[in-house]
Amino acid sequence: MAVPVEKVKVLVLGDSGVGKSSLVHLICQGEAMGNSAWTIGCNVDVKLHDYREEGTPHEKTFCVELWDVGGSINHSLSHSVFFNSAHGLVLVHDLTNRKSQENLRRWLGEVLSRDAGKKYSGEPDYDEEVFSENQLPALVIGTKMDRIPDSNLEEVLSRSSSVAGQCRADFINLDCMQNKHLAAGTTNAVKLSRFFDKVIERRYYTQDSRGRLGSQERRRPPSMTRTFSPTFVQEKID
Ligand SMILES: Nc1nc2c(ncn2[C@@H]2O[C@H](COP(=O)(O)OP(=O)(O)OP(=O)(O)O)[C@@H](O)[C@H]2O)c(=O)[nH]1
Ligand SMILES: [Mg+2]
């Protein structure tokens, strides 16, 4: 099958160990990842997504690149190297780790300040208004649901939903070790697919005030070059 030319870039961000690589593997390969290692730099995996243009019977396949950025704070200064020209965000937290939920605001702040051309100060400077103006589609994913005791489940899931609310995003909670949690037809799979649709719409079908399509990309041409190695991707900053 020919690889689709049109593609979108989605950043997958969150603290080290929350399960980003496990999640990306589940999304792209449709199976649980056997054993994982810390991600150094960034890994890119690809998911082919069938997009149906609203109100038409036309379906088109897009290439969704998932940029899985290693979450280690030891490499925090280099994270933003991977942030430019992103079309969407998957924010990942570990449901058993509150700190990883609180830190999503910091990750969001980091991306938005990079987008605005500012150097990240290290402070949690995420501003909901700036984010809503920016309109970068986001999805919040809570992992390790299998580790939550039934007695705590309700409380943990409600906290997860309010974290997503703060990020103005839809959310999914799952166990990355179980492919049934993202199986076709499940609510999780539908939410993920809707999120990819949104990212594609914003990149290719959104009109600016002058009625031009895909204006977001036109403002920021894809001038990056990429070097792939098994676990590391480098991106030249404009
Ligand atoms: N039980 C359980 N374990 C999980 C789940 N998701 C990830 N893990 C485990 O959590 C550990 C860390 O997962 P990774 O996917 O490597 O985490 P990461 O976010 O990519 O970490 P960095 O690359 O360091 O940023 C691994 O041992 C995974 O097997 C889950 O949903 N349930
Ligand atoms: Mg990783």
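The following exercises, with worked solutions, concern a predicted model.

**Exercise 1.** Determine which residues coordinate the magnesium ion (ligand 2), and at what distance.

*Solution.*
1. The coordinating atoms are OG of Ser-21 and OG1 of Thr-39, at 2.1 Å.
2. Ser-21 belongs to helix H1 (residues 20–29), whereas Thr-39 lies in the loop between H1 and strand E2 (42–52), so the pair ties together parts that are 18 residues apart in sequence.
3. Ser-21 and Thr-39 are both buried.

**Exercise 2.** Describe the surroundings of ligand 1 and identify polar contacts made with side chains.

*Solution.*
1. Ligand 1 occupies the largest pocket.
2. It is surrounded by 20 residues, of which Ser-16, Lys-20, Ser-22, Asp-146 and Cys-176 are the closest.
3. For Asp-146, a side-chain N or O atom is 2.7 Å from a nitrogen atom of ligand 1.
4. For Arg-147, a polar side-chain atom is placed 3.3 Å from a nitrogen atom of ligand 1.
5. For Ser-36, the partner of the side-chain N or O atom is an oxygen atom of ligand 1, at 2.9 Å.
6. Of the 660 Å² of accessible area that ligand 1 has on its own, the protein covers 85%.

**Exercise 3.** Establish whether Lys-9 is buried or exposed, and locate the backbone oxygen that its side chain reaches.

*Solution.*
1. Lys-9 is part of strand E1 (residues 7–13).
2. Its relative accessibility is 2%. Buried means under 20%, so Lys-9 counts as buried.
3. The side chain of Lys-9 reaches the backbone oxygen of Phe-82 at 2.7 Å.
4. Lys-9 and Trp-67 are 58 residues apart along the chain, yet their C-alpha atoms are separated by 7.1 Å.

Technical notes
Residues numbered from 1 in each chain as written. Chains lettered and ligands numbered in written order. Predicted model: local features only at pLDDT ≥ 70, side-chain atom pairs only at ≥ 80, totals over all residues. Heavy atoms only, no water. Donors = N, O, S within 2.8 Å, 3.2 Å for Na, K, Ca; no water. Helix = DSSP H or I, 4+ residues; strand = E, 2+ residues; numbered from the N terminus. Buried < 20%, exposed > 50% of the residue type's maximum accessible area, 1.4 Å probe, protein only. Near = heavy atom within 4 Å. Polar contact = N/O pair within 3.5 Å; in protein donor to acceptor, adjacent residues only side chain to side chain. Areas by Shrake-Rupley, 256 points an atom, 1.4 Å probe, with all protein chains shown as cover. 1 Å grid on protein atoms, 1.4 Å probe; cavity = no way out; pocket = protein on both sides within 12 Å on 5 of 7 lines; lining within 4 Å. Sits in = over half its atoms within 2 Å of the grid points.
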